[in-house]
Amino acid sequence: VLNSLSKTSGFSLQDLLVLDNYGETPVHSAISNAQIECVEILMKGMKTDFDARVWLEWVRQIKDDKGNNILMQLVRYTDIKYNLSAKSCLISTTSSATFRLLLLHLDLVKEQQCFDLLLDENNDGDNILCIAAKMGQIHEIKALTEICIQGTKRSVANRCGRRRRESGEVEARVSPLQWANETRSVLFDSIGASPRKRRRLMEKLASCGVSALDFYYESDDRLRNWLDSARRSVRHLEMISTNKPVPLSFVQQCRPETAVSRKQQLTAQAADLKIAFEQQHHARGGPEICCRDSYKAWKSCINGAGKGSKRVQRDIKAILRGTSRMSPLVEVRMLCDPTHPCVVTAKDPLALQFGLFARSDISSGTILCEYTGQIVREECHFDRESEYTVQLHALDKYTEAKEGPYGNAFILDAERFFNEGALLNDLRYSEEVDGINHRRQNAEYVEVLFNGWPHLLVGCAMTTKAGEELTVDYGPAYWEKQANIAKERKIREQEEELTRLRRELMNTRKSMAFQEDCV
């Protein structure tokens, strides 16, 4: 009957949005009652007339009264056909038709690049990974994290669910790791408990949104089996939720069309200009290293008149001559804290974010690395939305002298060629209390002339302890530019949406006209 119904011309999405007395749609009811073949028939029927992206949009829109879409329902009931015996209670994912159907949908998500579907939240504020963590399901957690991190270098593990009070108000955001720990704690207390206490613990789990697992509470053996799965879930989430050092090659894989560069990359025009700068410098007989302009805190130290100047000059020469790639005192880490400003404000909510951290204690005045990139003419960058452009004062002065104050200066861009210096973050909006910004910037950009040619270095501005993140001030010009870029992007998106709506309206009018002709 369902097979014939899915092929009828009048069958539409609205037919699948009807709720029964239990608050479930037909698809949700089929999944909760282990009638997976019904969902498969429906899915195949839709794919004959629509593409996979349309079906995924249906998966997003078909929700029960609790706001769970089809993917969330599959995660909640993937254990329903596991091969569980009374003695060993071994889990077999191959015997679960629901789990295979979940993997099929995740493959479609990866194929169609519809990763926003994994961020959808139900009425309790939980995304799909939070639901899997609540229920302690290691196989589902591994499938979700692997498709995001290993397959696409993206992560859903840092997206938190919202814990709600009984009054319905949002209490706090809870990470999947916290949910998995809570489930493990309740399961541990349930083993060997009296039926009355076990019932009370079941109600506690149900209040957190953990349901459809009454089967496990029938015996201690099944509870131990579930507890083992919950333990492995916690270990897996801990592994992907910790700030571990990562090599630049991993960062480069996460950023297509980029390359790691340990020195400046010059366009042909910039290369000719560098030769002219060096010839002019040698003709004047100036020092090999010099710091000028607005870097007063570093000026005496780099020019050889301050305390520790010999050490600083030695470090600069080692970095710019290529004998030392970067300071061994710093390392790159992946940002896994869901409350980190860079994670919260990221354009792509699933993109991996990185930062530069102190590997050991760093004293003030230490030169860490060079901010590398490509020296390009600003006019070539006019239409690009790069977030890694930096102006160099020496080149700005040259352009102003040659072309006037409105000339197209040379800029340093680390979007295509980058190193560790491009991973420094500005936590400008991270710690504002009563309108006052209390952020602590422990690093600075310092422009240095090496044989007359400008280089941008990263220096430690204050004593930094091991494990602390190194942050800088991008400057007001950067934030002004990003605000303009965001504004232009929003206008473009609105125009695209308006064009799409006009196209849909035109198609609707044509369809109505055709139906009137048929009548």
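Visitor: In the open sheet of four strands, what is the order of the strands?
Guide: In this predicted model, the open sheet is built from four strands whose pairing is mixed. Its edge strands, each of which pairs on one side only, are strand 4 (265-266) and strand 10 (389-391). Read across the sheet, the order is 4-9-11-10.

Visitor: Which residue in strand 11 is the bridge partner of V390?
Guide: Strand 10 and strand 11, the latter covering residues 410-413, pair in the antiparallel sense, and three bridges join them. For V390, the bridge partner in strand 11 is L412.

Visitor: Is Q374 buried or exposed?
Guide: Q374 has its place in strand 9, which covers residues 374-377. Leaving aside residues up to four places away in sequence, Q374 touches Q265, T267, I411, L412, D413 and F417. Its relative accessibility is 18%, and the limit for this class is under 20%, so Q374 counts as buried.

Visitor: How far apart in space are S261 and T372, C-alpha to C-alpha?
Guide: S261 lies in the loop between strand 3 (259-260) and strand 4, and with a relative accessible area of 4% it is buried. Among the residues that S261 touches, not counting those up to four places away in sequence, are T372 and F417. Although S261 and T372 are 111 residues apart in sequence, their separation in space, C-alpha to C-alpha, is 6.7 Å.

Visitor: What share of the contacts in the protein with a separation of 6 or more comes from residues 24 or more positions apart?
Guide: The secondary structure of the protein comes to 18 helices and 16 strands, and of its 519 residues 44% count as buried. Among contacts with a separation of 6 or more, the share that joins residues 24 or more positions apart is 73%.

Visitor: How many salt bridges does the structure hold?
Guide: Side chains of opposite charge can pair when their charged atoms come close. Some of these pairs are joined further, and one network of salt bridges links E57, R60 and D120. For the whole structure, the number of salt bridges is ten.

Visitor: What is the N to O distance in the salt bridge where the side chains of E57 and R60 meet?
Guide: E57 and R60 both lie in helix 4, residues 52-61, and they are three residues apart, which is about one turn of the helix. E57 counts as partly exposed at 32% relative accessibility, and R60 is partly exposed too, with a relative accessible area of 23%. Their side chains meet in a salt bridge with an N to O distance of 3.6 Å.

Visitor: How many residues apart are E288 and R321?
Guide: The side chains of E288 and R321 meet in a salt bridge of 2.7 Å, N to O. This pair links distant parts of the chain, with E288 in the loop between helix 13 and strand 5 (289-290), and R321 in the loop between helix 15 (309-320) and strand 6 (330-334). E288 counts as partly exposed, at 25% relative accessibility. Along the chain, E288 and R321 are apart by 33 residues.

Visitor: Is E331 buried or exposed?
Guide: The side chain of E331 meets that of R359 in a salt bridge of 3.0 Å, N to O. The pair links distant parts of the chain, 28 residues apart, with E331 in strand 6 and R359 in the loop between strand 7 (354-358) and strand 8 (367-370). R359 counts as partly exposed at 48% relative accessibility. For E331 the value is 10%, and the limit is under 20%, so E331 counts as buried.

Visitor: Which element gives the largest share of the lining of the second largest pocket?
Guide: The second largest pocket has a volume of about 500 Å³, and of the 18 residues that line it, the closest to its centre are F277, R284, R292, L449 and G452. The elements that give two or more residues to this lining are helix 13 (268-284), helix 17 (393-403) and strand 15 (443-450). The largest share, six residues, comes from helix 13.

Visitor: How many residues of the lining of the second largest pocket are nonpolar?
Guide: The lining of this pocket divides into three classes, with four residues polar and five charged. The number of residues in the nonpolar class is nine.

Terms used:
Residues numbered from 1 in each chain as written. Predicted model: local features only at pLDDT ≥ 70, side-chain atom pairs only at ≥ 80, totals over all residues. Heavy atoms only, no water. 1 Å grid on protein atoms, 1.4 Å probe; cavity = no way out; pocket = protein on both sides within 12 Å on 5 of 7 lines; lining within 4 Å. Points joined across faces, edges and corners; volume = space filled by probe spheres on them. Nonpolar A, V, L, I, M, F, W, Y, C, P; charged D, E, K, R; others polar. Salt bridge = Lys/Arg side-chain N within 4 Å of Asp/Glu carboxyl O. Buried < 20%, exposed > 50% of the residue type's maximum accessible area, 1.4 Å probe, protein only. Pairing = 2+ DSSP bridges. Contact = heavy atoms within 4.5 Å.
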